[in-house]
Amino acid sequence: MPIGPARMPLLDHLGELRMRFVRILVCLAVAMCIFYLATPTIAQFLLAPVAEYMPTDSNGQVMLNVFGAFDAFSVRFYIAFWSALVACSPVVIWQLLAFFLPALKPKERKWFLPTFFAACGLFLFGTVFCYLIILDPAFNWLTDQASGFATVMPQADKWIDIIIKFEVGFGLAFELPLVVFYLTIFEVIPYATLRRSWRYVYVGLLVVSAFVTPDASPVTMFLMFAAMIGMYEASLAVARIALGGKIKRQKAEAEQAAREDAEWEEEWARIKEERARQAAEEGGE
């Protein structure tokens, strides 16, 4: 990765930022053109986990419905845009990383490549997890709600939209281990605090799961909640291994501080008792 000088005039910084944005936009434009042509194949791939809940043609291909003259174009454009954005996300991250990297110290730069690969890998893992584990039970529950009073007519824009939101939502949610790891590594929040406050963290993860899942299904919410708990505990385990003796030292310091506080409270209680005794003696005189 080319690294520019840390000190540059403002206009040179803006010029470099513009150059990197141009690279990102060109990459996205080329990818969108390619993915637009491949939209039918991508759509069939996205719909494969939920194909049993949808009508198919004689060739077994899932058939969606569009109700307007321009709906088909907008759906294809939407699929091409998100496909290009996901495919080009490493390029986007790389270009942004190259812009901010000169401002960091050499010892801080060593974290960026591991962070880059970990972020890409976790996002990919989240989307694969959603595709293989979440979509089928989610749509099973959602379509089953129409039983007895309605017929499900899969509308192209709405079904594609919710599937993409599922994929992106789970991909972003699975970045949690990276956030927790760096919070503990850089001691923004001590490991002991996260470990001790697990009840509050679990409630927070439940709230996040409710907001991230794009449907109102309790099935998907609790599946994401269970996955995020597993990722959270795994990230704490990795942080504990990476920190090693630092966690023991922090624990020892916390215990020492607790002992000192207890000793001070005992001393203060003794002082107040002594003052009360002296006041009683003076009053008696």
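This tour moves through a predicted model, from the whole protein chain to single side chains.

**The whole chain.** Begin with the protein chain displayed as a cartoon. The protein chain has 12 helices and zero strands, and its pattern along the sequence reads α-α-α-α-α-α-α-α-α-α-α-α.

**Surface and interior.** Next, switch to a surface representation. The accessible surface of the protein chain is about 17600 Å², and carbon and sulfur atoms account for 67% of that surface. Colouring by relative accessibility then brings out the buried residues, which constitute 32% of the 285 residues in the protein chain.

**Contacts across the sequence.** A contact map is a useful companion at this stop. For contacts in the protein chain between residues at least 6 apart in sequence, 77% link residues that are at least 24 apart.

**Arg-20.** Select helix H1, which spans residues 10–37 and includes Arg-20. Show the side chain of Arg-20 as sticks. Is Arg-20 buried or exposed? Arg-20 has a relative accessible area of 6%, which is under 20%, and therefore counts as buried. Now add Gln-95 to the selection: a polar contact of 3.0 Å connects its side chain with that of Arg-20.

**Cys-120 and Cys-130.** Finally, select these two cysteines. Cys-120 has a relative accessibility of 22% and is classed as partly exposed, because this value lies between the 20% and 50% limits. Cys-130, with a relative accessible area of 0%, is buried. How many disulfides does a search of the whole structure find? The search returns zero.

Note on methods
Residues numbered from 1 in each chain as written. Predicted model: local features only at pLDDT ≥ 70, side-chain atom pairs only at ≥ 80, totals over all residues. Heavy atoms only, no water. Helix = DSSP H or I, 4+ residues; strand = E, 2+ residues; numbered from the N terminus. Buried < 20%, exposed > 50% of the residue type's maximum accessible area, 1.4 Å probe, protein only. Polar contact = N/O pair within 3.5 Å; in protein donor to acceptor, adjacent residues only side chain to side chain. Disulfide = S-S within 2.5 Å. Contact = heavy atoms within 4.5 Å. Areas by Shrake-Rupley, 256 points an atom, 1.4 Å probe, with all protein chains shown as cover.
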